[in-house]
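Me: I have a model open on my screen and would like to learn how to read it. Could you walk me through it, one feature at a time?

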Amino acid sequence: MDRVSKMVSEKPVVIFSKTQCCMSHTIRSLFCDFGVNPTVYELDEMSRGREIEQALSRLGCNPTVPAVFIGGEFVGGANEIMSLHLKRSLKPMLKRAGALWV
């Protein structure tokens with residue numbers, strides 16, 4: 001858990017993903033379309049990926065990918081991110097975190 005906390009505190013937007021997860025790809029594309037450059041950790045390519053995935057599960061990430069952190073705080077998975085986007089709440093959150101300047 002400490003490892004995850006350190007990883008998400010270092011950048012404004014962090015996405016925990018898996019290379020073959022279409023929802024992870026969709027969320028990453030959404031952020032890139034906004035001009036945000038998220039830090040993406042591909043759990044299936046990391047030596048301690050399984051351990052990190054278990055820590056994400058303990059944090060309440062279900063499913064564990066994509067798991068999106070903005071400003072060091074867990075925001076949610078694909079459903080939560082898309083919901084925030086549709087409510088027009090995602091961009092202001094990204095601005096507050098320093099990930100979006102427009």
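Reply: Happy to; we will go from the whole chain to its helices, and then to a few single residues. Keep in mind that this is a predicted model.

Me: Where do I start? How many helices and strands are in the chain?

Reply: Start with an inventory. Here the chain has five helices and four strands. Reading from the N terminus, the order of the elements is α-β-α-β-α-β-β-α-α. The radius of gyration of the chain is 13 Å, close to the 13 Å that the globule rule gives for 102 residues, so the chain is as compact as a globular protein of that length.

Me: What box do the C-alpha atoms fill, and what share of the residues counts as buried?

Reply: Along the principal axes, the C-alpha atoms fill a box of roughly 35 × 25 × 20 Å. Of the 102 residues, 42% count as buried. The accessible surface of the chain is about 6,000 Å², and carbon and sulfur atoms account for 49% of that surface. You can also ask how contacts are spread along the sequence: among those between residues at least 6 apart, 61% join residues at least 24 apart.

Me: Now a helix. Why does the length of helix H2 agree with what its residue count should give?

Reply: A helix can be checked with a simple ruler, the rise per residue. Helix H2 covers residues 22-33, and at 1.5 Å a residue its twelve residues should span 16 Å; the end C-alpha atoms are 16 Å apart, which agrees.

Me: Which residues of H2 are buried, and how do I see whether they form one side?

Reply: The general idea is about the turn: an α-helix has 3.6 residues a turn, so residues three or four places apart point the same way. In H2, the buried residues are Ser24, Ile27, Leu30 and Phe31. They cover an arc of only 125° around the axis, which puts them on the same side of H2. The face turned away from that buried side carries the exposed residues Cys22 and Asp33.

Me: What do the buried residues of H2 pack against, and what follows the helix?

Reply: Their partners are strand E1 (13-17), strand E3 (67-70), helix H4 (78-86) and helix H5. After H2 comes Gly35, with a positive phi near 90°.

Me: Let me try the same reading on helix H3. Which of its residues are buried?

Reply: Good exercise! The buried residues of H3 are Gly49, Ile52, Glu53, Ala55 and Leu56. They cover an arc of only 160° around the axis, which puts them on the same side of H3. Exposed Arg50 and Arg58 sit on the face turned away from the buried side. The buried residues of H3 pack against helix H1 (2-9), E1 and E3. Gly60 follows H3, and its phi is positive, near 105°.

Me: Glu53 catches my eye in that list. Why does it count as buried, and what does it touch?

Reply: The call rests on relative accessible area, with buried meaning under 20%. Glu53 has 11%, so it is buried. Leaving out residues up to four places away in sequence, Glu53 touches Lys18, Leu43 and Thr64.

Me: What about the backbone? Which peptide bonds before prolines are cis?

Reply: Look at omega for these. The bond from Asn62 to Pro63 is cis, with omega near 0°, and a cis bond also joins Val65 and Pro66, where omega is about -10°. Pro63 lies in the loop between H3 and E3, and Pro66 is found in the loop between H3 and E3 as well.

Me: And which phi should I check at Arg88?

Reply: Arg88 is not a glycine, yet its phi is positive, about 60°. Arg88 is in the loop between H4 and H5. With a relative accessible area of 73%, Arg88 is exposed.

Me: One last residue: is Ala97 buried, exposed or partly exposed?

Reply: At 22% relative accessibility, Ala97 counts as partly exposed. Ala97 lies in the segment after helix H5 (90-96). Beyond its neighbours up to four places away in sequence, Ala97 touches Pro12, Ile70 and Gly71. Ile70 is 27 residues from Ala97 along the chain, and their C-alpha atoms are separated by 6.5 Å.

Key: Residues are numbered from 1 along each chain as its sequence is written. This is a predicted model: local features need pLDDT of at least 70, side-chain atom pairs count only at pLDDT 80 or more; totals for chains, interfaces and linings use all residues. Side-chain values use heavy atoms; hydrogens and water are left out. Helices (H or I, at least four residues) and strands (E, at least two) are DSSP runs, numbered from the N terminus. Buried means under 20% relative accessible area, exposed over 50%, partly exposed in between (1.4 Å probe, protein chains only). Contact means heavy atoms within 4.5 Å. The expected span of a helix is 1.5 Å times one less than its number of residues. The arc is that of the directions from the helix axis to the C-beta atoms. The radius of gyration is taken over C-alpha atoms; the globule rule is 2.2 Å times the number of residues to the power 0.38. Accessible areas come from the Shrake-Rupley method with a 1.4 Å probe; for residues, only the protein chains shown count as cover.
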